[in-house]
Amino acid sequence: MGKYIGLKPFPPTFYEKFAPIAKVIEEKCIGCERCPKICYFDAIKMNNKIAVVNQDNCTGCGLCFEACPVDAIIWVPDESTQTGPFIQRYGVGGIEFGD
Ligand code: SF4
Ligand code: SF4
């Protein structure tokens with residue numbers, strides 16, 4: 001699957017199966033602060049120079065994913081849903097989409 005591009009990352013049916021939201025891999029984040037500036041939904045804050053996603057605010061729009069220069073942001077299923085074939089197949093915790 002290709003890297004997320006803007007606001008049309010996946011077909012609607014994909015979202016019906018599970019809600020993807022953003023997560024920052026702390027070890028990869030270089031603290032550039034691009035993602036909190038680009039997030040429309042105020043879902044990312046910097047904490048000790050590491051970006052942290054507030055999953056309650058994240059809509060899965062993907063702008064941060066595209067903005068990150070070091071691919072430190074991945075998709076994880078929205079754990080609040082706890083349903084759908086994705087969760088059943090992979091379990092709660094996450095999987096990386098991209099290159
Ligand atoms: S996916 Fe969108 S809403 Fe979620 S943290 Fe990234 S920019 Fe914000
Ligand atoms: S854009 Fe990437 S490297 Fe920059 S602060 Fe956000 S997660 Fe960290």
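# Contacts, core and ligand shells

Me: What share of the contacts with a separation of 6 or more comes from residues 24 or more positions apart in the protein?

Reply: Such pairs, 24 or more positions apart, make up 65% of the protein's contacts with a separation of 6 or more, where two residues are in contact if their C-beta atoms, placed from the backbone, lie within 7 Å. This is a predicted model, in which local features need pLDDT of at least 70 and side-chain atom pairs count only at pLDDT 80 or more, while totals for chains, interfaces and linings use all residues. Residues are numbered from 1 along each chain as its sequence is written, and chains are lettered from A and ligands numbered from 1 in the order in which they are written.

Me: How confident is it, then, and which elements have the lowest and the highest mean pLDDT?

Reply: The mean pLDDT, which is the predictor's confidence in each residue on a scale from 0 to 100, is 75 for the protein, with 60% of the residues scoring at least 70. Among the elements, helix 4 (residues 84–90) has the lowest mean, 47, and strand 2 (residues 44–47) has the highest, 97. Over residues 1–8 the pLDDT is below 50, and the model gives this stretch twelve contacts beyond near neighbours in sequence. Residues 84–89 also stay under 50, with ten contacts beyond four places in sequence.

Me: OK, the fold. What pattern does the protein follow along the sequence?

Reply: The order is α-β-α-β-β-α-β-α, made up of four helices and four strands; these are DSSP runs numbered from the N terminus, with helices being H or I over at least four residues and strands E over at least two.

Me: And which strands does strand 4 run antiparallel to, and over how many bridges?

Reply: Strand 4 runs antiparallel to strand 1, with five bridges between them, and strands count as paired if DSSP finds at least two bridges. Within that pairing, Lys23 has Ile74 of strand 4 as its bridge partner. Strand 2 and strand 3 are also antiparallel, over four bridges, with Ile44 standing opposite Val53 of strand 3. These two form a hairpin with two residues between them, and Asn48 in the turn has a positive phi of about 55°.

Me: Is strand 4 mostly covered or mostly exposed?

Reply: Mostly covered, since four of its five residues are buried, meaning that 20 or more other C-beta atoms, placed from the backbone, lie within 10 Å of a residue's own, whereas exposed means 12 or fewer and partly exposed is in between. Pro77, which lies in this strand (residues 73–77), is buried because it has 23 other C-beta atoms within 10 Å. Pro77 is also 6.1 Å from Ile21, C-alpha to C-alpha, although the two are 56 residues apart in sequence.

Me: Which residues touch the most other members in the largest nonpolar core?

Reply: Of its 17 residues, those are Ala22, Cys35, Cys39, Ile44, Cys64, Cys68 and Ile73, a core being a set of buried Ala, Val, Leu, Ile, Met, Phe, Trp, Tyr and Cys residues joined through C-beta atoms within 7 Å. Strand 1 (20–24), strand 3 (50–53), helix 3 (63–67) and strand 4 each supply at least two residues of this core.

Me: Why does Cys39 count as buried?

Reply: Cys39 counts as buried because it has 22 C-beta neighbours inside 10 Å, even though it lies in the loop between helix 2 (34–38) and strand 2. Beyond four places in sequence, Cys39 is in contact with Ile44, Leu63 and Cys64.

Me: Changing topic: which residues are closest to ligand 1, and which to ligand 2?

Reply: Ligand 1 is surrounded by 13 residues, with Cys39, Ala43, Cys58, Cys61 and Cys64 the closest, where a residue is near a molecule if its C-beta atom, placed from the backbone, lies within 6 Å of it. Ligand 2 has 14 residues around it, the closest being Cys29, Cys32, Cys35, Ala51 and Cys68.

Me: How do the residues of those shells divide into nonpolar, polar and charged?

Reply: The shell around ligand 1 has ten nonpolar, three polar and no charged residues, and that around ligand 2 has eleven nonpolar, one polar and two charged. Ala, Val, Leu, Ile, Met, Phe, Trp, Tyr, Cys and Pro count as nonpolar, Asp, Glu, Lys and Arg as charged, and the others, Gly among them, as polar.
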